[in-house]
Amino acid sequence: MAEDFNNTILAELRRLTDAIDRLAGPAPAINDWNAADCFVWSPARQHLQPVARPNRVALKLIRGVDHVRDILHENTVRFSDGYPANNVLLWGARGMGKSSLVKAVHEDVRRESGVSLKLVEVHREDIASLPTLLDLLKDTPHRVIVFCDDLSFDHDDTAYKSLKAALDGGVEGRPDNVLFYATSNRRHLLPRHMMENEQSTAINPSEAVEEKVSLSDRFGLWLGFHKCSQDDYLTMIDGYADHFKLPVDRQKMHAEALEWATTRGARSGRVAWQYIQDLAGRMRIALDRAE
């Protein structure tokens, strides 16, 4: 009887222990900074997931955005070298290489400087966990760019307040070894109708709008990306064709590329790359944008 009683107690204790473990959630993972140069933040386990083969394009292949490219590169070099640098918001037309530029500049600066410069991507839905991430990053010996792609906020979305607090750094201030880069189709990260609604329903309309606009003000650099001209579009096409040494008649290629853009209703770096993929596929030529 005593043995049966003890077994029952032990089984009950194991059940209670398992229940407590489930409520507590998974244990924090051990982060290995040497595993990669790019990571994806997983807040559930406070884990930086290494990305062995980042999806990026060589900096020399990004055309038509030379001015903003140079500004972002210089800002990143200053940060890498330990000097003051600004948080950056890359905003504007879709498909013009905003996120590609961030990843390409990171790799170029990291390779040239030899500094341990890391890129950590935070998904839009994990913005609220930024304070936890910053607490983890502040004690690392590495310099870290925290990157959020396609950042925007909709009506009744209060996550932007977490981002504002993270950009300001609160009482402690933003860690010196951390910088924020974000891309968005919206300059103020919020839809116009949302700002207009705030203005029309608020007791003090100007204060309501300033509360929303003040988020983008936390970024010291605003880099605008605009729809490209036909000449810029064809320059992108030529750059890809030259880089991959595609044996194709230039005039014929231009005609096909323009028709390709017309069927998609837009000219952009993304459309140019899609055409080059189609062209190389027809020619049975493999492509590697990270070369």
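## The largest pocket

How much space lies in the largest pocket? The answer is about 510 Å³, in what is a predicted model. The elements that each give two or more residues to the lining of this pocket are α3, β6, α8 and α10. Among these, α3 gives the most, with 4 residues.

The lining is made of 25 residues, and those nearest the centre of the pocket are Gly95, Gly97, Ser99, Ser100 and Arg270. If you are thinking about chemical character, the lining divides into 7 nonpolar, 9 polar and 9 charged residues.

## The overall fold

Stepping back, the protein has 10 helices and 7 strands. Of its 291 residues, 43% count as buried. Taking the contacts with a separation of 6 or more, 75% are between residues 24 or more positions apart.

There are 0 disulfides in the structure. As for individual cysteines, cysteine 38 is buried because its relative accessible area of 8% is under 20%. Cysteine 228 is buried by the same cut-off, with a relative accessible area of 7%.

## An enclosed cavity

Now for the enclosed space. The structure holds 1 cavity of 30 Å³ or more, and about 60 Å³ of space lies in the largest cavity. Its lining consists of Val122, Ile127, Leu130, Val146, Phe147, Cys148, Leu151, Leu163, Phe180, Tyr181, Ala182 and Phe219.

Two strands, β5 (143-148) and β6 (178-184), each supply at least two residues of that lining. By character, the cavity lining has 12 nonpolar residues, no polar ones and no charged ones. Strand β6 is also one of the elements that give two or more residues to the lining of the largest pocket.

## Helix α3 and the glycine after it

Helix α3 covers residues 98-113. Its 16 residues should span 22 Å at 1.5 Å a residue, and the end C-alpha atoms are indeed 22 Å apart, so the expected and modelled lengths agree. Its buried residues are Lys98, Ser99, Leu101, Val102, Lys103, Ala104, Val105, His106, Glu107, Val109 and Arg110. Of these, Ser99 is also one of the residues nearest the centre of the largest pocket.

What comes just after α3? Glycine 114 does, with a positive phi of about 75°. This glycine sits in the loop between α3 and β4 (117-121). It is exposed because its relative accessible area of 65% is over 50%. The C-alpha atoms of glycine 114 and serine 80 are 9.3 Å apart, although the two residues are separated by 34 residues along the chain.

## Helix α8 and its cover

Helix α8 takes in residues 230-243. With 14 residues at 1.5 Å a residue, α8 should span 20 Å, and its end C-alpha atoms are 20 Å apart, so here too the two values agree.

Which residues of α8 are buried? They are Tyr233, Leu234, Met236, Ile237, Asp238, Gly239, Tyr240, Ala241 and His243. The cover over these buried residues includes α9 (250-264) and α10 (269-282). Following α8 is lysine 245, which has a positive phi near 55°.

## Two more residues with positive phi

Most residues other than glycine have a negative phi, which makes the following cases worth a look. Glutamine 46 is not a glycine, yet its phi is positive, about 50°. Its place is the loop between β1 (38-42) and β2 (47-50), and at 34% relative accessibility it counts as partly exposed.

Aspartate 150, likewise not a glycine, has a positive phi of about 55°. It is found in the loop between β5 and α5 (159-168). With 49% relative accessibility, aspartate 150 counts as partly exposed, because that value is not over the 50% needed for exposed.

## A buried asparagine

Is asparagine 75 buried or exposed? It is buried, with a relative accessible area of 1%. This residue lies in helix α2 (residues 66-80).

Leaving aside residues up to four places away in sequence, asparagine 75 touches Ala85, Asn86, Val88, Leu179, Tyr181 and Leu221. One of these, Tyr181, also belongs to the lining of the largest cavity.

Terms used
Residues numbered from 1 in each chain as written. Predicted model: local features only at pLDDT ≥ 70, side-chain atom pairs only at ≥ 80, totals over all residues. Heavy atoms only, no water. Disulfide = S-S within 2.5 Å. Buried < 20%, exposed > 50% of the residue type's maximum accessible area, 1.4 Å probe, protein only. Expected span 1.5 Å × (residues − 1). Contact = heavy atoms within 4.5 Å. 1 Å grid on protein atoms, 1.4 Å probe; cavity = no way out; pocket = protein on both sides within 12 Å on 5 of 7 lines; lining within 4 Å. Points joined across faces, edges and corners; volume = space filled by probe spheres on them. Nonpolar A, V, L, I, M, F, W, Y, C, P; charged D, E, K, R; others polar.
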